[in-house]
Amino acid sequence: MSVIHIQGLKSLHGGIPIQGSKNAVLPLMAAALLHSGTIVLRNVPEIQDVFCMLGILKSLGCHCIFKEHDLIIDTRNLDQASICHEQGKKMRSSVMLLGPLLGRLHKVETCFPGGCSIGKRPIDLHLSALEKMGARIEVKGEHVTAYSHKLHGADIRLAFPSVGATENILMAAVTAEGVTRIYGAAREPEIGTLCQFLSAMGARIEGTGSSFLTVYGEASLKDTTFVVPGDRIVAGTYLGAVMAVGGDICLSGVPVDHMEGTLQMAREAGCELCLKQNQIQARMKQRPLPFKLITGPYPEFSTDLQSVMLAVASVAQGESCIQENVFEGRFATAQELNKLGAHIIIEEGTALVTGGFPLRGSTVQAWDLRGGAALVVAGLAADGESRIHGYSYISRGYEDICRDLKALGASLSLEED
Ligand code: EPZ
């Protein structure tokens, strides 16, 4: 098992490009199944979740070539509608294949998805929406089977702006008969990216970027080439790193327009920012100022950066407070951060953090993707050596966190345990 070894207290300097977005590319790979032809995606990150999704697409009959961040998906021989349990359980995004497979093959067999243990993560919103569009769904234990003679448009009101459910409905609606209206749709940037991709393929979608989306069905789709935007969460992670340990860094290939909440929070914590087209220059000359954070559906502060900012709060000059409103299990990382010398108390979905600097090097365990990244950020701001176990979680979403942080002057390495 790989372990990240960190020698802390080295400030960060220099510049790096930011990888393509995990949460944007996974739905695009699923949406490719809607069209019998060739889809080319560029700036695709080499991360475990992409390799897992590739494995599923190949098992369904697609021919895929992934080289130097370009991904070619030929779906003409798609003839399987059954996703094996082992693959479906590896990540949450397997659930996104429900809509495209129902639209293309009119059936799909899969299991309840796996993914980070950050909460219960049911799929009731996905299933009830697809049933409204004409799918017949059978759930037996962990197994989900869905059939549809022909999906039809529907008016769907989401009780919660679920990102995945919005994506599934959008993909199912593109080939359905008639018009689908989604009320209370998620507004995360990845939804806008999916709408742009589906429109480039030939779909007709109105309301992109808003919580009310209209999809005109039975679109004739065509071969498409599309560039995946930079990963706003990876960029936010490295911004958190320089806030925690100090320095002056430049991040390029960043979707700055999709990071308002993160950038606002960084400014309030004392980080000097200079923003250009797709580039962030971030300078941190002192310990972070304490801050209050409340996570929520976009455009509120991203739950995916909550753990990283918990690490930043751990070295702030005073008392910070972070409230988590999306995933009830995200605070599991707090106990590992406390092993690194943080002072975090969790009370009813809120973390109360007393900052102190530096933290102290220790051996800790990552239990989820973003929690693992937060432990790396904390290790950078710890005196002495830290060892972060659970690299397999981190590599699901970060192409090479050691490469990136070393390029910014950090002292860390990946070693076999
Ligand atoms: C996507 O997950 C992202 N994953 C998550 O990023 C991100 O944290 C999340 O959106 C919120 O922004 C991908 O895009 C691959 P949701 P998703 O459906 O779609 C509840 C990361 O670290 N819910 O918006 O699973 C659910 O339990 C990952 O990159 C239902 O109750 O998120 C949660 O409390 C982690 N029923 C809330 O909604 C449903 O049917 C948000 O979930 C679906 C969701």
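The largest pocket in this predicted model has a volume of about 970 Å³. It is lined by 44 residues. Those closest to the pocket centre are R92, R121, V163, V326 and F327. Four helices, α1, α5, α6 and α12, each give two or more residues to this lining. By class, the lining holds 19 nonpolar, eight polar and 17 charged residues.

The ligand takes up the space of this largest pocket. In total, 23 residues surround the ligand. The closest of these are D124, L125, S162, D304 and V326. V326 therefore appears in two lists: it is among the residues closest to the ligand, and it is also among those closest to the pocket centre. Particular atoms of the ligand also come within reach of polar protein atoms. An oxygen atom of the ligand lies 2.5 Å from an N or O atom in the side chain of D304. A ligand oxygen is 2.7 Å from a polar backbone atom of V326. A ligand oxygen is also placed 2.8 Å from a polar backbone atom of V163. D304 thus takes part through its side chain, whereas V326 and V163 take part through their backbones. On its own, the ligand has 830 Å² of accessible area, and the protein covers 90% of it.

The shell around the ligand draws on several helices. Two or more residues come from each of α1 (22–31), α5 (124–132), α6 (163–175) and α12 (369–380). Helix α5 gives the largest share, three residues. D124 and L125, two of the residues closest to the ligand, fall within the range of α5. V163, with its backbone contact to the ligand, falls within the range of α6. Sorted by class, the shell has nine nonpolar, six polar and eight charged residues.

A second pocket was also found. The second largest pocket holds about 320 Å³ of space. Its lining is made of 17 residues. Nearest its centre lie P229, P255, D257, H258 and N278. The elements that supply two or more residues to this lining are helix α7 (189–201) and strand β13 (224–227). The largest share, four residues, comes from α7. This lining has seven nonpolar, eight polar and two charged residues.

Technical notes:
Residues numbered from 1 in each chain as written. Predicted model: local features only at pLDDT ≥ 70, side-chain atom pairs only at ≥ 80, totals over all residues. Heavy atoms only, no water. Near = heavy atom within 4 Å. Polar contact = N/O pair within 3.5 Å; in protein donor to acceptor, adjacent residues only side chain to side chain. Areas by Shrake-Rupley, 256 points an atom, 1.4 Å probe, with all protein chains shown as cover. 1 Å grid on protein atoms, 1.4 Å probe; cavity = no way out; pocket = protein on both sides within 12 Å on 5 of 7 lines; lining within 4 Å. Sits in = over half its atoms within 2 Å of the grid points. Nonpolar A, V, L, I, M, F, W, Y, C, P; charged D, E, K, R; others polar. Points joined across faces, edges and corners; volume = space filled by probe spheres on them.
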